[in-house]
Amino acid sequence: MQTIAVRTERRSQLIDITREVREAVAGSGSGAAVLVYVPHTTAAVTINEHINPELLDDLADGMERVVGDSWPWRHDDADGPNGPSHLRSSLVGIHVIVPLQGDGTLALGTYQGIFLCEFDGPRDRVVHVCVLQ
Ligand code: ZN
């Protein structure tokens, strides 16, 4: 397993980690697929279009509309009343699996990239990358 460190800058933000995942896979030997996983409860991982940076802001803003901050949340912990951040994390999910091609590279489509989704930033985050046999 390799670990990528990411410093996020805003409360809700998608950060392209495709290059970092490729580098982690290149140093991990051969396998059938790669698991990209975040050990967090207010962040997530997704695959989406990496061509247009404005889309990333649209997706981050969209998640804030899908899950409303003004809903009657009960949850409050050391990080404050961040119930919406937890729900956004669960809706997107904390992992993706990407098949590896015969040459060991990621089988991503032309328009696809891998993104860390921050829903309670800014924070220091980590992403674990595990090549699956
Ligand atoms: Zn919380």
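Here are some notes on this predicted model, going from the whole chain down to single residues.

1. **The overall layout.** Start by counting pieces: the protein chain has 3 helices and 7 strands. If you walk along the sequence, they come in the pattern β-β-α-β-β-α-α-β-β-β. Keep that string handy while you turn the structure around, since the element names below follow it.

2. **Size and shape.** The C-alpha atoms fit in a box of roughly 50 × 30 × 20 Å along the principal axes. Does the chain agree with a compact globule, or disagree? For 133 residues, such a globule would have a radius of gyration near 14 Å, and this chain has 15 Å, so the two agree.

3. **Inside and outside.** Of the 133 residues, 42% are buried. The accessible surface comes to about 7200 Å², and carbon and sulfur atoms account for 51% of that. As for charge, there are 10 positive and 18 negative ones, and their mean positions lie 4 Å apart.

4. **Who touches whom.** Take the contacts with a sequence separation of 6 or more: 82% of them are between residues 24 or more positions apart. You'll see some examples of such long-range pairs further down, in the points on V21 and L35.

5. **The main core.** The largest nonpolar core has 22 residues, and the ones that touch the most other members are I17, V21, V36, L106 and I114. Which elements supply at least two residues each? They are the helix α1 (18-26) and the strands β1 (2-7), β3 (33-37), β4 (43-49), β5 (95-99), β6 (112-118) and β7 (124-132). There is also a second, separate core of 8 residues, with A60, M63, F115 and C117 among them.

6. **V21, a good residue to click on.** V21 sits in helix α1. Its relative accessibility is 0%, so it counts as buried, the cut-off being under 20%. Apart from its neighbours within four places in sequence, V21 is in contact with I4, V36, L106, I114 and V129. Look at the pair V21 and L106: they are 85 residues apart in sequence, yet their C-alpha atoms are 8.9 Å apart in space.

7. **L35 in strand β3.** L35 belongs to strand β3. Leaving out residues up to four places away in sequence, L35 touches H95, V96, I97, H128, V129, C130 and L132. Its C-alpha atom is 8.9 Å from that of P99, which is 64 residues away along the chain.

8. **Helix α3 and what it leans on.** Which residues of α3 are buried? They are G83, P84, S85, R88 and S89. These buried residues pack against β4 and α2 (53-66). If the spacing of residues on a helix puzzles you, remember that an α-helix has 3.6 residues a turn, so residues three or four places apart point the same way.

9. **G83.** This glycine lies in α3, which covers residues 83-92. Its relative accessible area is 6%, so G83 falls under the 20% cut-off and is buried. Not counting residues up to four places away in sequence, G83 touches W73 and H75. The C-alpha atoms of G83 and V67 are 9.6 Å apart, with their places 16 residues apart along the chain.

10. **S89.** S89 is in α3 too. Is it buried or exposed? At 3% relative accessibility, S89 counts as buried. Its contacts, again leaving out residues up to four places away in sequence, are H40, T41, T42, A43, A44, I94 and F119. For a distance to try yourself, the C-alpha atoms of S89 and A5 are 18 Å apart, and these two residues are 84 positions apart along the chain.

11. **Two backbone details.** What follows α3? It is G93, with a positive phi near 105 degrees. Then go to the peptide bond joining G121 and P122, which is cis, with omega about -5 degrees. P122 is in the loop between β6 and β7. As background, most residues other than glycine have a negative phi, and most peptide bonds are trans.

Conventions:
Residues are numbered from 1 along each chain as its sequence is written. This is a predicted model: local features need pLDDT of at least 70, side-chain atom pairs count only at pLDDT 80 or more; totals for chains, interfaces and linings use all residues. Side-chain values use heavy atoms; hydrogens and water are left out. A nonpolar core is a set of buried Ala, Val, Leu, Ile, Met, Phe, Trp, Tyr and Cys residues joined through side-chain atoms within 4.5 Å. Buried means under 20% relative accessible area, exposed over 50%, partly exposed in between (1.4 Å probe, protein chains only). Helices (H or I, at least four residues) and strands (E, at least two) are DSSP runs, numbered from the N terminus. The radius of gyration is taken over C-alpha atoms; the globule rule is 2.2 Å times the number of residues to the power 0.38. Contact means heavy atoms within 4.5 Å. Accessible areas come from the Shrake-Rupley method with a 1.4 Å probe; for residues, only the protein chains shown count as cover. Lys and Arg count as positive and Asp and Glu as negative; His and the chain ends are not counted. The place of a charge is taken as NZ of Lys, CZ of Arg, CG of Asp or CD of Glu.
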